[in-house]
Amino acid sequence: MGTGKGYGKTILFGEHFVVYGLPAIASALGSYTIADVKVVEGNGWVVDDQRPATPGYKKQKYDQAMQSIQNIIDYLKIDTKDQKLDISFSGDLIAASGVGASAAQCTSLARAFNDTFNLYLDDEKINEAAYEGEKSYHGTPSGIDNTASTYGGLIWFKKNLTGGKNTMDLLQARKKMHLVIANTRITASTTEVVADVRQLKEKNSLRFEKIFDEYENLAKKAKTSLINGDITMIGELMNQNHKLLQEITVSGELNDKLVDMALQNGAVGAKMTGTGRGGLVIALAENEDDQIKIANAVENKGFDAWKTMIG
Ligand code: MEV
């Protein structure tokens, strides 16, 4: 028997751009998924998914979740012929599009296998196993979600497009930041949205080149602002990042509505986070009072809002 944890994440800057080797900044969340593995008589594996979730999320992601578990079993060469694995998932991370739920599930499972079978995997190997699981959800994942889920903290991430090691630097933010996470309750398919962006990019290569340049400058400024704890600038850059995400068509009507709602209620910046076309929106607040005000405004309009600290 063994257990493992995987943290949720939020992408502060650079979802989708990160797929093309541009830098992105993500933060792990305090909430996590727990995997428990029991070895029983028989063969194969069964799953009991007890994670709290956005309505419809688990059903929509069921096939991908099953494939991700199989990918991790295969990658770690876990025997399922002479023993049966009784796998369960729980924890306080709400499974929803945009919160790194799939990565948290993959990371927790890799850690639980490590614990159950004494595999002596270090974080790098756990991250690799989780990445294999993520392939069933993303098609071609950048790896940022599993990296944030495995290592925790605030990370600057760059995918190595030639197959070598990705860049992962832990950032030290000068200030803790008050964040509101708002849920559109729409579950999006990362594989589909990423594929749409790729198609759009192929048809509009010059326009994308310009957008990518603009984003890259923004990401560098965001890194400096985070390190310096310049909340006003971070907020302004989040707004600019949201506009670029709108330009590459990954925001959605409800994402934009929640962004506007947050800004009208005192957020210093807001943007969609993760896959987009639904999923989550993040809003940065100057202080706890503003954080509460933004969260209440979102909830009063019938959406879910979570308050968290990052940095
Ligand atoms: C999804 O959380 C983030 C995306 O950039 C996809 C990826 O990085 O693999 C949309």
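Student: How many residue pairs are in polar contact between domain 1 and domain 2?

Tutor: There are 15 such pairs, both residues being at pLDDT 80 or more. A polar contact is a pair of N or O atoms within 3.5 Å; within protein, one must be able to donate a hydrogen and the other to accept it, and residues adjacent in sequence count only if both atoms are side-chain atoms. This is a predicted model, where local features need pLDDT of at least 70, side-chain atom pairs count only at pLDDT 80 or more, and totals for chains, interfaces and linings use all residues. Residues are numbered from 1 along each chain as its sequence is written, and side-chain values use heavy atoms, leaving out hydrogens and water.

Student: Where are the two domains?

Tutor: Domain 1 covers 2–171 and domain 2 covers 177–310, with bounds from an automatic or database domain assignment.

Student: How many residues does each domain bring to the contact?

Tutor: Contact means heavy atoms within 4.5 Å. Domain 1 brings 33 residues and domain 2 brings 45.

Student: What area is buried between them?

Tutor: The size of an interface is often given as the accessible area lost when the parts come together. Buried area uses a 1.4 Å probe and is summed over both parts. Here it is about 3300 Å², with carbon and sulfur atoms giving 67%.

Student: How many salt bridges cross the interface of domain 1 and domain 2?

Tutor: A salt bridge is a side-chain nitrogen of Lys or Arg within 4 Å of a carboxyl oxygen of Asp or Glu. The rule finds one across this interface.

Conventions. Buried area = accessible area lost by both parts, 1.4 Å probe.
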